[in-house]
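Here is a report on one protein chain. It takes the helices, the sheet and the core in turn.

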Amino acid sequence: MLIARSTQEAHLYMDLHACACGAEGFESEHRLDERDGVLVAVYEGVCPRCGRARSFEFRLIDELPPAPPAFGGPEPSRIIDPGEFLWVSDQVATDSGLRLLRTPPAERHAQREGSAFALAAVEEVLKFLPRGVDSVPGELFTSERGRAEHDRAPHRFERAALLENVARKRRVLEGAGRTAPHQGA
Ligand SMILES: [Zn+2]
């Protein structure tokens, strides 16, 4: 069974796994089941495009889940690979982070959320780096999308590049925090 460290991680996993027809996302009913003393989060719904039944089940780990936008504690994800996390971060960052500082205050809140999400996703990639190793090992890329990301730009999964990526995203967020309040007309 899929093991999720948080609700955020379960949702991202579902976003990354489109319906067989290609449609992403579905209206899901969410419930918690207990099976043999283990808490299981069940999401069920119907694909809005083709009508297929969609369902996902996640076992929730015992640790207290992290506050959003973090996806988990210090342990790496067991259901989303490092390439998928970097891909997600890129998707969100192009839309939000880089434009953050040039955006009117009213629109900043959503962008700030996007930037924080992008930062959290890159931080997840770092959790896959074994101590003393300079690059995320190739065998940890287990999804098709993740492997494609790694093949396309393996240098982006080197420790130095990941730390630089995190630092850049933190600067954007901090800059936004400094300039956002009290912007009178
Ligand atoms: Zn479908």
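## Helix 1 and its buried side

Helix 1 has three buried residues: Glu9, Ala10 and Leu12. They lie on the same side of helix 1, because the arc they cover around the axis is only 165°. This is a predicted model.

## Overall layout

The protein has five helices and four strands. Along the sequence the pattern reads β-α-β-β-β-α-α-α-α. Of its 185 residues, 29% count as buried. Among contacts with a separation of 6 or more, 68% join residues 24 or more positions apart.

## The sheet

The four strands form an open sheet. Their order is 1-4-3-2, and the pairing is mixed. Strand 1 (2-4) and strand 2 stand at the edges. Each has a single partner strand, so one side of each is left without a neighbour in the sheet. On average, neighbouring strands are turned by 35° against each other, direction ignored.

Helix 1 (residues 7-16) packs on this sheet. Helix 1 touches strand 1, strand 3 and strand 4. Its direction makes about 135° with that of strand 1.

In general, strands of a sheet pair through backbone hydrogen bonds, either parallel or antiparallel. Both senses occur here, as the table shows for each strand pair.

| Strand pair | Sense | Bridges | Example of opposite residues |
|---|---|---|---|
| Strand 1 and strand 4 | parallel | three bridges | Ile3 and Arg59 |
| Strand 3 and strand 4 | antiparallel | seven bridges | Glu44 and Ser55 |
| Strand 2 and strand 3 | antiparallel | nine bridges | Arg31 and Val42 |

Tyr43 also has a bridge partner in strand 4, namely Phe56.

How many residues of strand 2 (residues 27-35) are buried? The count is zero among its nine residues, so to speak a strand that is hardly covered.

## Turns and backbone exceptions

Strand 2 and strand 3 (residues 38-46) form a hairpin with two residues between them. Asp36 lies in the loop between strand 2 and strand 3. Its phi is near 50°, a positive value in a residue other than glycine. Most residues other than glycine have a negative phi, and most peptide bonds are trans.

Is Asp36 buried or exposed? Asp36 is exposed, because 5 other C-beta atoms lie within 10 Å, and the cut-off for exposed is 12 or fewer.

The hairpin of strand 3 and strand 4 has six residues between the strands. There, Gly51 takes a positive phi near 80°.

The other exception concerns a peptide bond. From Pro68 to Pro69 the bond is cis, with omega near 10°. Pro69 is placed in the loop between strand 4 (53-60) and helix 2.

## The nonpolar core

The largest nonpolar core has 20 residues. Those with the most contacts inside this core are Phe85, Phe117, Ala118, Ala120, Ala121, Val122 and Val125. Which elements give two or more residues to this core? They are helix 2 (82-95) and helix 3 (105-126). Helix 3 supplies the largest share, eight residues.

Val125 shows how its surroundings are drawn from along the chain. Leaving aside neighbours within four places in sequence, Val125 is in contact with Pro82, Phe85, Leu86, Val136, Phe157 and Leu162. Phe85 is thus on two lists: the contacts of Val125 and the residues with the most contacts inside the core.

## Helix 4 and its two faces

In helix 4 (residues 144-152), the buried residues are Gly146, Glu149 and His150. Because they cover an arc of only 95° around the axis, they sit on the same side of helix 4. An α-helix has 3.6 residues a turn, so residues three or four places apart point the same way.

The face of helix 4 turned away from this buried side carries exposed residues. They are Glu144, Asp151 and Arg152.

How values were computed. Residues are numbered from 1 along each chain as its sequence is written. This is a predicted model: local features need pLDDT of at least 70, side-chain atom pairs count only at pLDDT 80 or more; totals for chains, interfaces and linings use all residues. Two strands pair if DSSP finds at least two bridges between them. A nonpolar core is a set of buried Ala, Val, Leu, Ile, Met, Phe, Trp, Tyr and Cys residues joined through C-beta atoms within 7 Å. Two residues are in contact if their C-beta atoms, placed from the backbone, lie within 7 Å. Axes are lines fitted to C-alpha atoms, for helices over the stretch in contact, and angles run from 0 to 180 degrees between N-to-C directions. The arc is that of the directions from the helix axis to the C-beta atoms.
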